[in-house]
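Got the viewer open? Let's take a walk through this one together, one selection at a time.

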4 protein chains.
Amino acid sequence: MQLGMIGLGRMGRDMVRRLMEKGHQCVVHDSRAQAVDELRSQGAAGATNMQEFVAALKAPRAVWLMVPAAVVDEVLQSLLPLLAAGDIVIDGGNSYYHDDIRRAEQLKSKGIHYVDAGTSGGVFGYERGYCMMVGGETETVQHLAPIFAALAPGDAAVAPSPGRAGHATSAEQGYLHCGPHGAGHFVKMVHNGIEYGMMAAYAEGFNILHHANVGKQEHQNDAETTPLREPQYYQYDFNLAEIAEVWRRGSVISSWLLDLTARALDEDPVLDRYAGNVSDSGEGRWTVKAAIDMAVPAPVLSTALYERFSSRHMGDFAGKVLSAMRQQFGGHVERKN
Amino acid sequence: MQLGMIGLGRMGRDMVRRLMEKGHQCVVHDSRAQAVDELRSQGAAGATNMQEFVAALKAPRAVWLMVPAAVVDEVLQSLLPLLAAGDIVIDGGNSYYHDDIRRAEQLKSKGIHYVDAGTSGGVFGYERGYCMMVGGETETVQHLAPIFAALAPGDAAVAPSPGRAGHATSAEQGYLHCGPHGAGHFVKMVHNGIEYGMMAAYAEGFNILHHANVGKQEHQNDAETTPLREPQYYQYDFNLAEIAEVWRRGSVISSWLLDLTARALDEDPVLDRYAGNVSDSGEGRWTVKAAIDMAVPAPVLSTALYERFSSRHMGDFAGKVLSAMRQQFGGHVERKN
Amino acid sequence: MQLGMIGLGRMGRDMVRRLMEKGHQCVVHDSRAQAVDELRSQGAAGATNMQEFVAALKAPRAVWLMVPAAVVDEVLQSLLPLLAAGDIVIDGGNSYYHDDIRRAEQLKSKGIHYVDAGTSGGVFGYERGYCMMVGGETETVQHLAPIFAALAPGDAAVAPSPGRAGHATSAEQGYLHCGPHGAGHFVKMVHNGIEYGMMAAYAEGFNILHHANVGKQEHQNDAETTPLREPQYYQYDFNLAEIAEVWRRGSVISSWLLDLTARALDEDPVLDRYAGNVSDSGEGRWTVKAAIDMAVPAPVLSTALYERFSSRHMGDFAGKVLSAMRQQFGGHVERKN
Amino acid sequence: MQLGMIGLGRMGRDMVRRLMEKGHQCVVHDSRAQAVDELRSQGAAGATNMQEFVAALKAPRAVWLMVPAAVVDEVLQSLLPLLAAGDIVIDGGNSYYHDDIRRAEQLKSKGIHYVDAGTSGGVFGYERGYCMMVGGETETVQHLAPIFAALAPGDAAVAPSPGRAGHATSAEQGYLHCGPHGAGHFVKMVHNGIEYGMMAAYAEGFNILHHANVGKQEHQNDAETTPLREPQYYQYDFNLAEIAEVWRRGSVISSWLLDLTARALDEDPVLDRYAGNVSDSGEGRWTVKAAIDMAVPAPVLSTALYERFSSRHMGDFAGKVLSAMRQQFGGHVERKN
């Protein structure tokens, strides 16, 4: 079928390529003419302005937005006047699900259908396929099934869980209609919250291994910080790249994130190219805020999020308050390094 | 080569079966005669007492212990007098690495070699192979390479990380000599610490999804607990089994633990057969204690551990203290449910 | 000066009594006639309906709301039509500061001034005085200074911090104009966030002391849960009430919360009258959500909040997920208690 | 009565001064002659070597050690040969309670009594008195009661908890016999664990207030980090010193630690003299390790400890692992600041 794609960054571009390889027709638009040209040369119909883009689509139109969450509303403002009742807008980016609910309402008043499609897969999606978590009206989602099926990894990629025989669903292909508007991004949000937690679990574990030779280091006797009581237990110089590699095989903690970590450690065993300032793109925050609204405990997911904030020095003032207190009650002079 | 196995529980038994299938000879011992008989019928040499067991092994003997950590010292006490200099004892269970260092020292005085082999794989190891993290002297570990290679998944199981070409190591088969005595169990300990963190990340995420329909529930207006401000955002009835299944394909959080979670949710979508009292088998505790000794932060791994303690009601008294304080300063009467 | 008080619960009633003792005139209103009568008998002008209440106040009127956060908007709806430009509404309850900003805007359009006054002190405020954190326009706050001064503990209660000589401020009396609209409740919100953290610190500490005799208990040898390695270190039967009492004197952790804990433990050393289901009244949640919006790490405050959620069984499903995973990968059968 | 004091640092010196003011005789020893001279000039009998020190004490001798935990064993090695059966050694420093149990055993074999006396009070103890948590045999502790009573704040300092009438104990004076050997330092350990948690609660709260004007800052639109969605809610420039001061009066979170924080903020409102590298002196670690041994959840106390480790950059490698993963799966380029 035909799909219009707005936003030809890493994700949007690769999704168009995958769709075309699976036989779908794509009309593409991006403010960068070069990005449009690149896909045009691969068979897409390209449009450098919104009018041209919409004109190239047959009604009922299906338009997929793959743009930063912060600019979705802006894009909709120029797109919506050109659409007609019955058209469909899919937001495949990392929008906050509150915004989905608001936008679905807004589009509904014009007879336009809105679908939120949380999309995971990153730079590997073109080859592996994308995992999609979809929210919206059932009919609209079903109408788009050929698109989702083409983007998804497909049922050959991973065997279904044993015992599922007899109730094959689209989840076995790699996409799922999760519920009404916002449900797709809600599930994607929690997905990313879990991702933060898993990443932190690995990061803490490798950090412990990284420091496991601390008993070999000379320690100045420092009255401020307690000494290592049993240095004999911390004499290990571990090869982190080899450990990541071995864990990929037969262990309980094998995962795709571990596969990637093994690559990164193989390329750069001490990760010196990184400073360790870790960004966060919103979903982790929204996951925690949702948990708090619901009164559901999420200490691991929150802690993982906070480690990122701290890595960006947002906790430094708290450290100063602690040092100031210690100076006051105990006359403790802060170590400067 | 020949290996003696003491302890024919789920793990020991399946390891013997895998070894025999790969052409190794096994001498087995367990206090339960039935367990010995079962493997005898499959080709193992069985021994119901320690003397017989040791007598059936050719020097230099290699004896693998696959018994609960708490009984290793007891087994060694009856085994050691029967061994001779040059023999090898492998502890494949979940021992604390402090104990490895102590035992290696103790055995060394008799000329016996000690190897600690942290083993991951669970009930699936027989088919998938076991991931082994090994500590000990290089020569001894190399001597045992055929055993480790047979137990490991092997290099066909998982492709090596791209870019590793040219430095193939045993990690690509699924076992690794991590360092001197204790290094194997140290790495296994951290492995399990990470496992706790990953499991908690999934558990918290699914718990959030589980409660995502809280906005549909009638809430009595309760002066004690703040009401849900925006119930319209919590109206989702999610199918957790389908979500787990879709995440297995193309998503960033795919993993073997997720595969297992998908099975469990498919069998029992509300997990009513479980009470939620979660045990812990030691490695998580030791990981955190090691991190603290080294002054390395491990908040996610610790939090995951504490969720297990709390699930076993070990934090209940703390809750009583909080309720007592609230009563004192605000006259707040505790809700009884 | 004259003040109107709406809401004669524990807090509102005692504040009126304290104001009258300091020579102020109070007009009071509550939907419960008995509450109005009680204060009328102590010298207040009482009103059982809103019209009567407003009529009894001289312009420019000052009306203090001391009602649950959830009903403030409802009260304003019936109050506002009766007020005139130049009047002042003070919200002394535990409102979310987002609501203050909205309400201040709404009232401003009618020329009415809005003040948010976060009030701490609980059931002891009548005697000790109340700590007030105030947000609003400077002129309005200054106009209300006599009221704040009367409600506050006063400068005799606690000596100013050494070194403050020369810059005496209202903080030394116990109230502070913190900033524009919402600033008062923002500071009160963080105050309560800190309160949750402190309470959790004490609760965890007392819980550790409570379990310090765990080494005396017979432990069944349970393959699922790791045994206590060194029972000789956990043989202490502590008297928690005496420990709380001694910490009140000269220790670094003395505080008013500790004073209250000591009372509670003296009355009921094992706190058996409590179940340990701990409520939360909103500010802890808002503190964490604000921290997350700002990307400021707040792991201790969050953890304290989550302990309350967990105490109300909102984490139980996560425990079931963990048990289900353990069953899957290791065949671990969950302990039922 | 007579007391020997070894270790004339800030704590030991002030304790001797307080004891002498209350009429006790002190024999003092320190390797620094100047420290001995200073107290000699104030009335103490001074000894610059151990022989002289012990000779100046009447049997049964009572010797109080106020030295760093790391040197206690060394001091005992030179002291013990000079002592006789019936003498008493008190360790008033911050020793690990495991060491107390070992030392008590060791001294018992020579007929010497050992007492562990966890001492809180810091640089203010000379004036305020010290809070002491004592472990050891009942008779020995009772023998030392005059010393403990002189060092403690005394019952006039703080009124007993209401309702305690009739069961006055030494806790009301400020010292407590907590239990057998190690019990004193166990309780002091948990005391310090709580201290870490309380300090972190304040530090996180003040950090949130410190960043409450983040909505005023220009934010570059950065694809890596999610933008602040509602800057209008983060426009507050708070005066932290005034807020600390007002919270000291009538609020639920008033405490001695808050008193000290208010002083520190009054002296230096932005705390620029501190870098925020926070030391830890052992008890926080031991508290968490004890909790873990007992399977008691201590997430707030642990988190507080980890914030200190992180402030000393012990988590930086974990941040690098996270950035490396993000680069791998999403091509995310790390921000360098």
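Start by selecting Arg308(A) and Tyr196(A): the charged end of Arg308(A) sits over the ring of Tyr196(A), 3.7 Å from the ring's centre. Before going further, keep in mind that what you're looking at is a predicted model.

Now hop over to chain B for another arginine and tyrosine. Pick Arg17(B) and Tyr126(B), and you'll see Arg17(B) lying over the face of Tyr126(B), at 3.9 Å from the ring centre.

**Aromatic rings**

While you have rings on screen, how many aromatic pairs does a search of the whole structure find? Over all chains, the count is 52. For one cluster linked by ring pairs, select Tyr96(A), Tyr97(A), Phe186(A) and Trp286(A) in chain A, then add Tyr233(B), Tyr236(B) and Phe238(B) from chain B. When you look at any two rings, check the distance of the centres and the angle of the planes, as these describe an aromatic pair.

**A helix in chain A**

Tyr97(A) from that cluster is also a buried residue of helix 5 of chain A, so select residues 97–108 to show the whole helix. With 12 residues at 1.5 Å each, helix 5 of chain A should span 16 Å, and its end C-alpha atoms are indeed 16 Å apart. Which residues of this helix are buried? Colour Tyr97(A), His98(A), Asp99(A), Asp100(A), Arg103(A), Ala104(A) and Leu107(A). To see what covers them, bring up helix 4 (72–79), strand 5 (88–91), strand 6 (113–120) and helix 9 (183–210) of chain A, which are among the covering elements.

**Strands in chain C**

Switch to chain C and show strand 1 (residues 2–6) together with strand 2 (residues 25–29). These two run parallel and are joined by 5 bridges; to find one of the partnerships, look for Gln2(C) and Gln25(C). Add helix 1 (residues 10–21) of chain C, and with strands 1 and 2 you have a right-handed β-α-β unit.

Next, bring in strand 3 (residues 45–47) of chain C, which pairs with strand 2 of chain C in the parallel sense over 3 bridges. Here Val28(C) has Gly46(C) as its bridge partner. Put helix 2 (residues 33–40) of chain C on screen too, and strand 2, helix 2 and strand 3 make a right-handed β-α-β unit. Why is strand 2 of chain C largely enclosed by the rest of the structure? Because 4 of its 5 residues are buried.

**Backbone oddities**

Time for the backbone. Most peptide bonds are trans, and most residues other than glycine have a negative phi.

Zoom in on the loop between helix 3 (50–55) and strand 4 (62–65) of chain A, where you'll find Pro60(A). The peptide bond leading from Ala59(A) to Pro60(A) is cis, with omega near -10°. Then go to chain D: the bond from Ala59(D) to Pro60(D) is cis, with omega near -10°, and Pro60(D) lies in the loop between helix 3 (50–55) and strand 4 (62–65) of chain D.

For positive phi values, select His313(B), a non-glycine residue with phi of about 70°. His313(B) is in the loop between helix 13 (299–311) and helix 14 (316–330) of chain B, and counts as partly exposed at 43% relative accessibility.

Last stop: Ala295(C), in the loop between helix 12 (283–294) and helix 13 (299–311) of chain C. Phi of Ala295(C) is positive, near 60°. Is Ala295(C) buried or exposed? With a relative accessible area of 7%, Ala295(C) is buried.

Conventions:
Residues numbered from 1 in each chain as written. Chains lettered and ligands numbered in written order. Predicted model: local features only at pLDDT ≥ 70, side-chain atom pairs only at ≥ 80, totals over all residues. Heavy atoms only, no water. Buried < 20%, exposed > 50% of the residue type's maximum accessible area, 1.4 Å probe, protein only. Pairing = 2+ DSSP bridges. Right-handed = clockwise from strand over helix to strand, strands pointing away. Phe/Tyr/Trp six-rings, centres within 6.5 Å; stacked < 30°, edge-to-face > 60°. Lys NZ or Arg CZ within 6 Å of the ring centre and 35° of its normal. Expected span 1.5 Å × (residues − 1). Contact = heavy atoms within 4.5 Å.
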